[in-house]
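Got the model loaded in your viewer? Keep the selection box handy, and we'll walk through it stop by stop.

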Amino acid sequence: MGAIHVHEFMSLDGVIDAPTWTADYGFHPEMGEAIGAFTQRATAILLGRTTYEMFEPAWSARTVEDDPGAPFFNDTTKYVVSGTLAEATWRNSTLLGPYDPQAIRRLKGEVEGDIYVSGSGTLVRALLADGLVDALHLFVYPLTRAAGPRLFAAGAAPLKLSLAAGRTYDNGVVYLSYLAAT
């Protein structure tokens, strides 16, 4: 059975919009190692439409020489949650249709290995609300954004998590890995 592992770049105040603001901090090599550790266990990628449409042009033309993560994003089966996307053109992509928690439960039952989710804020908030997230991998940056979409929406139900790992990098970013409390 697949476990959903969500990866987000996040500001201290919880904003997870397109993380162009992370560039000022650089990308510490150990951050890549942490991301590689949880993508290595993943056999599927689950994305919302907006993130899919951002990732496809960014990753589909990259090779391992360009970025060591390129084979993962290009070769791994991708499942896209969208009620508006008519066609998935990135290889190994399948449209799931509009968000349906039962469809995601079925997907979890069919996938052997972890299911990786990155970005996809609307999808992730729905997955959290429906208790479908098994782990959160958060890279928290030392700044506030004041405005923007947040990982945890106002009015969302309380959530209990268990800290599985944590690491502080020289660039001020903190990696926090949480498991869903059982």
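A pocket here is an open set of points on a 1 Å grid over the protein atoms alone, with protein on both sides within 12 Å along at least five of seven lines; a 1.4 Å probe is used, and lining residues have an atom within 4 Å of a point. Grid points are joined across faces, edges and corners, and a volume is the space filled by probe spheres set on the points. By that recipe, the largest pocket has a volume of about 1200 Å³.

Before you click further: this is a predicted model, so local features need pLDDT of at least 70 and side-chain atom pairs count only at pLDDT 80 or more, while totals for chains, interfaces and linings use all residues. Residues are numbered from 1 along each chain as its sequence is written, and side-chain values use heavy atoms, with hydrogens and water left out.

**Stop 1: the largest pocket**

Select H7, F9, F55, Y116 and S118: of the 42 lining residues, these are the closest to the centre of the largest pocket. Now colour by element, where helices (H or I, at least four residues) and strands (E, at least two) are DSSP runs numbered from the N terminus. Two or more lining residues each come from β1 (3-11), α1 (29-40), α2 (49-59), α3 (70-75), β5 (114-118) and α5 (121-129). Which element gives the largest share of the lining? That's α2, with seven residues.

For the chemistry, colour Ala, Val, Leu, Ile, Met, Phe, Trp, Tyr, Cys and Pro as nonpolar, Asp, Glu, Lys and Arg as charged, and the others, Gly among them, as polar. The lining of the largest pocket then splits into 21 nonpolar, 15 polar and six charged residues.

**Stop 2: the second largest pocket**

Next, pick R125, L128, A129, L151, F152, A153, A156, A157, P158 and L159, which line the second largest pocket. About 190 Å³ of space lies in there. Its lining has nine nonpolar residues, no polar ones and one charged.

**Stop 3: the sheet**

Switch to cartoon. Strands of a sheet pair through backbone hydrogen bonds, either parallel or antiparallel. In this tour, two strands pair if DSSP finds at least two bridges between them. Trace the open sheet of eight strands in the order β4-β3-β2-β5-β1-β6-β8-β7, with mixed pairing. At the edges stand β4 (93-97) and β7 (161-168), each with a single partner strand, so one side of each has no neighbour in the sheet. On average, neighbouring strands are turned by 25° against each other, direction ignored; axes are lines fitted to C-alpha atoms, for helices over the stretch in contact, and angles run from 0 to 180 degrees between N-to-C directions.

Zoom in on β5. All five of its five residues are buried (under 20% relative accessible area; exposed is over 50%, partly exposed in between; 1.4 Å probe, protein chains only). D114, Y116 and S118 point one way from β5, while I115 and V117 point the other way. β5 pairs in the parallel sense with β1 over five bridges, and A3 has D114 as its bridge partner. With β2, β5 also runs parallel, joined by three bridges; select A44 and its bridge partner I115 to see one spot.

Move to β8 (residues 174-180). Seven bridges join β8 to β7, and the two run antiparallel. Here L163 stands opposite Y178. β6 and β8 pair antiparallel too, over six bridges. Click S177: S177 is the bridge partner of H137 and also of A165. The β7-β8 hairpin has five residues between its strands, and G172 in the turn has a positive phi of about 95°.

**Stop 4: the helices across the sheet**

Show α4 (101-110). α4 lies across β1, β2, β3, β4 and β5, at about 115° to β1. Then show α5, which lies across β1, β2, β3, β5 and β6, at about 110° to β2. Its buried residues are G121, L123, V124, A126, L127 and L128. Just after α5 comes G131, with a positive phi near 65°.

**Last stop: T77**

Select T77, in strand β3. Is T77 buried or partly exposed? T77 counts as partly exposed, at 30% relative accessibility. Leaving aside neighbours within four places in sequence, T77 is in contact (heavy atoms within 4.5 Å) with T43, A44, I45 and N92. To finish, draw a C-alpha to C-alpha distance from T77 to T50: the two are 17 Å apart in space and 27 residues apart in sequence.
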